[in-house]
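Colleague: Please take one part of this model and go through it closely. I would like the terms spelled out as you use them.

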Amino acid sequence: MALLCTAAMASGYVTNTNQSVQFIRTASRNASLDVDAAYFNPAAAALIDDGFKLQYGHQVIIQKRTATDDLVLLSRHEFEGKVFVPAYPTIDAIYKKNKLAFSFHFGPMGGGGSADYENGLASFERMFCAIPTSVSQVGAAMGVGCDKYSVDINFSGGAIIYAGQIGAAYSIIDNLSVGIGARLAYQKNKYEGSIKNVMINPKGLMFDGSMISASEFFQGLAAMPMLEPMKPTLLYYAAATAGMEVDATQSGLGITPILSIDYKLGDKFNFAARYEFNTKLELTNKSDAGKDAGGMFKNDSTFRKDIPGILSLGVSYNILPNLRTMLSYTLYFDKQANFNGKENLFDGNTMDVALGVEFDVTNMLTLSCGYTRTQTGATAEFQSDIDFALSSNSFGLGGKVKVNDKLDVDFGFMAAVCEKMKKKSVDTTTGLEHTESFMRVNKMISAGISYRF
């Protein structure tokens, strides 16, 4: 199941927050006193009841990514990527005895998902949309023109960070505990695709406007004696339109130290804080000869893509014995991380604010809902169709069924709708101004079981 984890709902630019079924149904878990405290509030493990608690959560994720580009020369202007992930698992475990507790959590900690773009991306197609203009300029002296092009582009790219963490918590006094832990993160990215069949419709001389290979056209012109002075340029165009392939992976390991504290005030309030240090991640490219996208994924080259440090604060309040509210605040230190230079394109750090409500309808049934507002720190200059970070609004709902004193079943649904961001720029190939826009929608269905031994 873990090998199928190729998409997630990210709040931070890198970090995924959908680390339990309870999060999906409440959206706010920073002050959790349940088994998912193993991730969200590790210090609280020393304040819950003695015993061993285990939970498995299963999520199904559907994601749609849309990028548009109004550059007038493009043959298409909307590019869509689709993701379907049938298995996104999380595991939590806590063992507590007297004042000491140990916890474990596993879950995909990061990754924007594996998206398949059947028609490629605008950033790829922009490399070819100016070919008709170039052909007309080169062939003007011979009366050759061109007004159409076509290219077959397909691309799929995915990133996932598998992570397992352990922690120890100790209750200093009855209502105050501290925790220390560490997480081992392994990131694996995979990119596959090709650009081929670059075609144009030259008209004039011996050309009748039929679609032919652009590479063969430029090679033919380069062989003409009258165009000898332009031969280097023509051969460059021939190579640039010959197409390319990519079959590359990137991987790296990192360790995250984690500190946490939890304080209970009577039976109503619980306060929690967690700090995760920045995780240094250096990724190494691996690609086959001729399949590195023209050097974009050069074999054995390295680059940094850290997991930013995190400060999370949470408070829960029991309004009534059967009615609880939870408030969470999470800050991601994007500007202090190393994204191979892209951290300089953040004008502030990303943050989440979340509110959740739980209501015990009966002793067996609990219903819940929640809302998260994510405000990205990424600027418009940061965004690209292959890598974008957007502000979003997330809504969750679901419930829990208490089967007996030992077994619970949780279920939930969450939708995360990102705010469209636009970026105006000048195309480097054509010199034309154009506007891009980026959008993403995630839907998650989840279920899980918790058992108390």
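Modeller: **A close look at T330**

T330 sits in strand β15, residues 323–332 (strands are DSSP runs of E, at least two residues, numbered from the N terminus). This is a predicted model, in which local features need pLDDT of at least 70 and side-chain atom pairs count only at pLDDT 80 or more, while totals for chains, interfaces and linings use all residues. Residues are numbered from 1 along each chain as its sequence is written, and side-chain values use heavy atoms, with hydrogens and water left out.

With a relative accessible area of 9%, T330 is buried; buried means under 20% relative accessible area, exposed over 50%, and partly exposed in between, with a 1.4 Å probe and protein chains only. The side chain of T330 makes a polar contact of 3.1 Å with that of N30. A polar contact is a pair of N or O atoms within 3.5 Å; within protein, one must be able to donate a hydrogen and the other to accept it, and residues adjacent in sequence count only if both atoms are side-chain atoms.

Leaving out residues up to four places away in sequence, T330 touches N30, I310, L311, S312, T350, M351 and D352, where contact means heavy atoms within 4.5 Å.

As for cysteines, the structure holds zero disulfides (a disulfide is a pair of cysteine sulfur atoms within 2.5 Å). C129 is in none, and the nearest cysteine sulfur, that of C146, is 12 Å away. C129 is buried at 2% relative accessible area, whereas C369 is partly exposed at 41%.

Methods:
Helix = DSSP H or I, 4+ residues; strand = E, 2+ residues; numbered from the N terminus.
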